[in-house]
Amino acid sequence: MSGMDTITPLAPGTSTRSPPPRVRRISGLSDRAVVWLFIAPTMFLLLAINIFPLIWAIRLSFTGFMANLPRPLGFIGIDNYVDILTDEDIWTNFQVTAHFVFWTIVLQVLIGLALALLINQKFRGHSFWTTVILLPMMLSPAVVGNFWTLLLQPQIGPFNYFIGFFTGAAPSSFTMIGSVSLAPWTIVMVNTWMWTPYVMLICLAGLRSIPEYIYEAAEVDRASSLRQFWSITLPMVTPFLMLAVLFQAIQSFEMFDLVNLLTSGGPGSTTELVSITLKRAAFEKWQTGYASALAVILFVTVFGAANIYVKLLNKVKQQ
Amino acid sequence: MVKSLSFAGLIAAGLVAAAPLSAHAEGKSLTMCWAAWDPANALVELDKDFTKATGIEMKHEFVPWTSYADHFINLLNSRSAECDLIIGDSQWIGGAAENKWYVKLNDFFEKNKISMDSFLPATVVGYAEWPKDTPNYWGLPAMADAVGWTYRKDWFAKPDLRAEFKAKYNRELEPPKTWDELIEVSKFFTGKEIDGKKVYGSYIFTERGSEGITMGVTNAMYNYGFDYMDAKKPYHMEGIVNSAGAAKGMDVYKELFDCCQPKGLTNAYMQEGLDAFKSGEVAMQMNWYAFFPGLAKDPQVGGDKIGFFKNPAGPTGQFTQLGGQGLSVVAASKDVDDALLYVKWFAQADVQQKWTDLGGASASKAVLMSDAYKKSAPYAPSFVESMGMVKDFWAEPLYVPLLLDMQNRVHDYVVANKGTSQQALDALVKDWKKVFKQEGKDPS
């Protein structure tokens, strides 16, 4: 007599039925329906917040609509695009933006990597200094803008006194945010001050991900510190650096609040980034159609550049 | 004492005159919208009398100047009933009339015997009429204002400075009467050490974001031949806006900025000017008369230390930039009748007098042209003269793009040294033509 013989048979009809999935038991919906149920709110929000406004903005970009006047949309074809692309002032603003993005990234990457290499070392007060370095990026851009406006004030701001102390120049004899030649560099400086810690954090993550045994092997091979940096550290941190460049390029390209508070785009138009031009067209001049066309151009520019860059990043990663 | 007695008398007279108004039920309220600044506080005081007279409670919504236009134009455009009454900027009148944001007041004025002849002509054109120079009224002149100048009377009186100035320019050191003199005096003071501090000659408007530099530069340009359009050919601007005289006026403003503006004040408007003057940084300051009552009483620079003068003349005339606002009834208000009742009350002669006494600035001829007013404050005589020589910016429905275009072109040239004044004005004409075409008006 086998053990099987001792099992009491189940009631007819019950032994062949597998237990139904819990969800199906609760709602009577199919698996596919449950999947849709879960993603539908997200899809709805995505459509409502991102896709619909995008389509609406594209539509408005072909009109002469002004949101502050009760007028019909007025289809004008590609006039807004022609106006923008043939406007010398807009091209100047693109140049200003390019200058800002380029130098911001160069400085943030160089200083961020240097700080990450420093913070990656063990030294006394390590945690304290890490916190101090991270502070600027934790502040609101509105606070940073107002704070630096005061610091850079020629009559009472300590920045001019600091420069004057080292150069001998009278503190009130120059102005950083009011000078045509200095203002573009001032916005680069303040943005670099604020966002370098972010680049540093990404670089630090890269540095910490490099296995220690690679350096030990290099030590055995008697590779110098410089050689280790060029042959191990830099290549292995590069994908992280490229990611930081991508994030910061997008962030700098769409920069508005900080620069608007510091210079409002002035003096003249010397620091008028495209995002400020867009805001002025959309919410000061209320040229909604024109501003939509500019927004579409910006979107295509950033989206296209980011796509090319991501492909490049993937290639680097594969290497 | 005499003044307080006369206040009491005025209040009593006001109450008597307003007796028919008091028939209104209690529990009602009206919301008055305006900018947040000194005269708004005076209005709050004044409105207590309206509540006493009518039982209608007055609520106030005051918004800082930086967001004043954006905030209220959005409210008006969205047909919001948040404001029952609004003291709106002179430039809004075109848009407000054409889009029916305000209640047209002609019939109401006629019925209640409110005559526009009792107000200064420039304020009627500036704050009430649309189209301009036609008897179509959308507001009651409420707050008269214009650009004027303050100077440090105590510095001008210093014997050593007076002697030095006379030796250098062969004339007395006095408040400037022309723009040439203004530049001369500004240059004279710039770099001088006074009361232990290095000072600058003058402060002028340079703000870029809203209206500042335009409200400043026009004070020079008007007096060198600038105008907005050909008087005989509406919206024709070529050769008028960008005339040689207009360009010269812009050059003069730039010269004053380059020589004598305190460093760093490259994006500065009303408050920065007040700060520079109060802190003893400048000898002369351009600003709106609305601030002068406060400055005249300032413990640091007021009293005997301050003097006032009207905008200096140029080779083609003497004009100054109009400021100020009119009182209008919001068409979307749910209490239009009560709001009109307020306008009727506000238009009364005694209320206008009290409005000025409290620190507002009535546009009533009876108040402003009286000898009592001219003697009431050191700035009063030049204010009255200034209100007789005002010019205003465009008040078209699309005034915002017109204003921002001028802001950009002027700031680019004056502050950022971009191109020449002629190039800036040529570009401005091009910008403005584009806006007018958009508005369906022929700028050719």
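These exercises, with worked solutions, concern a predicted model with chains A and B.

Local features need pLDDT of at least 70 and side-chain atom pairs count only at pLDDT 80 or more, while totals for chains, interfaces and linings use all residues. Residues are numbered from 1 along each chain as its sequence is written, and chains are lettered from A in the order in which they are written.

**Exercise 1. Helix H13 of chain A**

Check the span of H13(A) against its number of residues, then find its buried part.

Step 1. Helices (H or I, at least four residues) and strands (E, at least two) are DSSP runs, numbered from the N terminus. H13(A) covers residues 288-318, which is 31 residues.

Step 2. The expected span is 1.5 Å times one less than the number of residues. For H13(A) that gives 45 Å; the end C-alpha atoms are 44 Å apart, which agrees.

Step 3. Apply the burial cut-offs: a residue is buried if 20 or more other C-beta atoms lie within 10 Å of its own, exposed if 12 or fewer, and partly exposed in between, with C-beta atoms placed from the backbone. The buried residues of H13(A) are Thr288(A), Gly289(A), Tyr290(A), Ala291(A), Ser292(A), Ala293(A), Leu294(A) and Ala295(A).

Step 4. Look for the cover. It includes helices H2 (31-60), H3 (79-85) and H12 (274-283) of chain A.

**Exercise 2. The domains of chain B**

Describe how domain 1 of chain B meets domain 2 of chain B.

Step 1. Take the bounds, which come from an automatic or database domain assignment. Domain 1 of chain B is 2-145 + 324-391, and domain 2 is 147-321.

Step 2. Place the centres. Taken over C-alpha atoms, they lie 29 Å apart.

Step 3. Count contacts (C-beta atoms, placed from the backbone, within 7 Å). Domain 1 of chain B brings 17 residues, and domain 2 of chain B brings 20.

Step 4. Assign the domain 1 side. Helix H2 (38-54), helix H18 (380-387) and strand S13 (390-391) of chain B each supply at least two residues. H18(B) gives the largest share, 4 residues.

**Exercise 3. The five-stranded sheet**

Work out the layout of the open sheet S2-S1-S3-S12-S4 in chain B, and what packs on it.

Step 1. Read the pairing; two strands pair if DSSP finds at least two bridges between them. The 5 strands show mixed pairing.

Step 2. Find the edges. S2 (57-63) and S4 (140-143) of chain B each have a single partner strand, so one side of each is left without a neighbour in the sheet.

Step 3. Take the twist. It averages 30° from one strand to the next.

Step 4. Inspect one pair. S4(B) and S12(B), residues 325-329, run antiparallel over 3 bridges. Leu140(B) stands opposite Leu327(B).

Step 5. Add the helices. Axes are lines fitted to C-alpha atoms, for helices over the stretch in contact, and angles run from 0 to 180 degrees between N-to-C directions. H3(B), residues 65-77, touches S1, S2 and S3 of chain B, at about 110° to S2(B). H14(B), residues 336-346, lies across S1, S3, S4 and S12 of chain B, at about 145° to S12(B).

**Exercise 4. Backbone outliers in a loop**

Describe the backbone at Pro267(A) and Ser264(A).

Step 1. Locate both residues. Pro267(A) lies in the loop between H11 (257-262) and H12 of chain A. Ser264(A) is also placed between H11 and H12.

Step 2. Read the angles. A cis peptide bond joins Gly266(A) and Pro267(A), with omega about -5°. Ser264(A) has a positive phi of about 55°, although it is not a glycine.

Step 3. Classify Ser264(A). With 19 other C-beta atoms within 10 Å, Ser264(A) is partly exposed.

Note on methods:
Contact = placed C-beta atoms within 7 Å.
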